[in-house]
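Please find below some comments on the model, set out point by point. They are meant to be read with the sequence and the coordinates open.

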Amino acid sequence: MVKKRIKIFDTTLRDGEQVPGCKLNTKEKVKIAKKLETLGVDVIEAGFPTSSPGDYQSVQEISKSVKKAIVCALSRAVEKDIEIAANSLKYANRARIHTGIGTSDCHIRYKFKSTPEKIIEKAIYAVKYAKKFVEDVEFYAEDAGRTENEFLAKVCENVIKYGATVINIPDTTGYCLPEEYGNKIRFLKENVKGIHKIVLSTHCHNDLGLATANSLYGIINGAEQIECTINGIGERAGNTSLEEIVMIIKQNNSLNLFTNINTKLISDISHLVSESTGMKVQANKAIVGINAFSHSSGIHQDGVIKKRETYESINPKDVGIDQSSIILTARSGRAALAYRYKKLGYLLNKNSLDLIYSIFLKHADKKKEITNKELKIILQKLNNKDKNKVLHTTNNSGRRINVV
Ligand code: KIV
Ligand code: ZN
């Protein structure tokens, strides 16, 4: 069966940059945009140009430097926003305007103090207006997660009639359960006239830690595009993280899906985004956290040393990390200690290993982690006590090995 391609719409530079304390200048944004293009994303949401002159300038500069990917600018369903978005995109090879309006009862009643009928009129007007400037118009139904499916279908049908090329179904508040979100996408696929002419997109927030699961259920149920960010940064608890959803698709053949992402570049861009934004990645974050490929308990270390797959389902090389790390802590066993000494050039016999292990444990109980430098000091101290203990010899490749 032929695999279906899922398009990756990256919004690190728009939804990601909306995070408190995260501010990027134009130069940093252009650098990230270029890396995103090399990574293989299909769409780069470069900003919300009406929000500030700086954001306008960033979208404009990104439009000049990005060649292959679609460059997208956000706007509300407001003429002025749409005009500014169109202007900021004038140098783009492939431009998209992303316009839309809130469709949930809560947004209609309290944010717009309006009616469902008027919201549909505004949605149609925004799409028609954006089409005057660009062919590619994406419509977002903000708070679609809490929008009644029948009304959402009506909104979608109308914007398709007036030329929307992509429809985004945001779970703006991270409200949905995966099955519920998946059913919503399926409902639209089955009930909206013209839905097969357009690309249906997921845009999930992580308020309950379900953003990635919801996006996954979205594509399983027929969505063709995922909106996501590097390291999952974004409003409040963040957005679907690109690295998670892309690796889920890559690792699971049974999904019969693929993306154009060069996953070997994931670690590199994760560092760049974290350093430029000042948003640290939590240590246990899937795929890109510092602990994602680190092993510290003795049982796991012993397994990984014997065969990596015993405790890793993802090959770190697939995401651009050279190898998994064995961290020496008080939970480590002899196997890990011997392994690390071997890497340093010392082969330990059983007696030496037992002796060094007991010294190592005393140190490790007082510290978080034992470094190579400390391992060498332990050895040196032992050597000083017994000068004949370290024997120098060579291994098969002629490299000098110290046998203790
Ligand atoms: O979360 C959301 O609803 C959004 C839209 C503006 C696309 O970010
Ligand atoms: Zn969002």
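1. Asp-15 and His-203 are both buried, in what should be kept in mind is a predicted model. Together with His-205, these two residues are the protein donors of the zinc ion (ligand 2), with Asp-15 contributing OD and each histidine its NE2, at 2.0 to 2.2 Å from the ion. Along the chain the donors follow the spacing D-x187-H-x1-H, and the pair Asp-15 and His-203 links distant parts of the chain, 188 residues apart, since Asp-15 sits in the loop between strand S2 (7–10) and helix H1 (26–39), whereas His-203 belongs to strand S8 (residues 199–204).

2. Strand S9 (residues 225–228) pairs in the parallel sense with S2 over 4 bridges and, also in the parallel sense, with S8 over 3 bridges. Gln-225 of S9 is the bridge partner of Lys-7 and likewise of Ser-201. From S8 the chain passes through helix H8 (residues 211–220) to S9 in a β-α-β crossover that is right-handed. Both faces of S9 are covered, with Gln-225 and Glu-227 buried on one side and Ile-226 and Cys-228 buried on the other.

3. The largest nonpolar core comprises 85 residues, and those with the most contacts inside it are Leu-36, Leu-39, Phe-139, Ile-167, Ile-169 and Leu-188. Helix H5 (residues 116–131) supplies the largest share of this core, with 8 residues, while a second, separate core of 20 residues includes Val-304, Ala-330, Leu-348 and Tyr-357.

4. Leu-36 deserves a separate look: leaving aside residues up to four places away in sequence, Leu-36 touches Asp-10, Leu-13, Val-41, Ile-44, Ile-230 and Ile-269.

Technical notes
Residues are numbered from 1 along each chain as its sequence is written. Chains are lettered from A and ligands numbered from 1 in the order in which they are written. This is a predicted model: local features need pLDDT of at least 70, side-chain atom pairs count only at pLDDT 80 or more; totals for chains, interfaces and linings use all residues. Side-chain values use heavy atoms; hydrogens and water are left out. A nonpolar core is a set of buried Ala, Val, Leu, Ile, Met, Phe, Trp, Tyr and Cys residues joined through side-chain atoms within 4.5 Å. Buried means under 20% relative accessible area, exposed over 50%, partly exposed in between (1.4 Å probe, protein chains only). Helices (H or I, at least four residues) and strands (E, at least two) are DSSP runs, numbered from the N terminus. Contact means heavy atoms within 4.5 Å. Donors are N, O and S atoms within 2.8 Å of the metal (3.2 Å for Na, K and Ca); water is not among the atoms, so sites may look incomplete. Two strands pair if DSSP finds at least two bridges between them. A crossover is right-handed if, with the strands pointing away from the viewer, the path from the first strand over the helix to the second runs clockwise.
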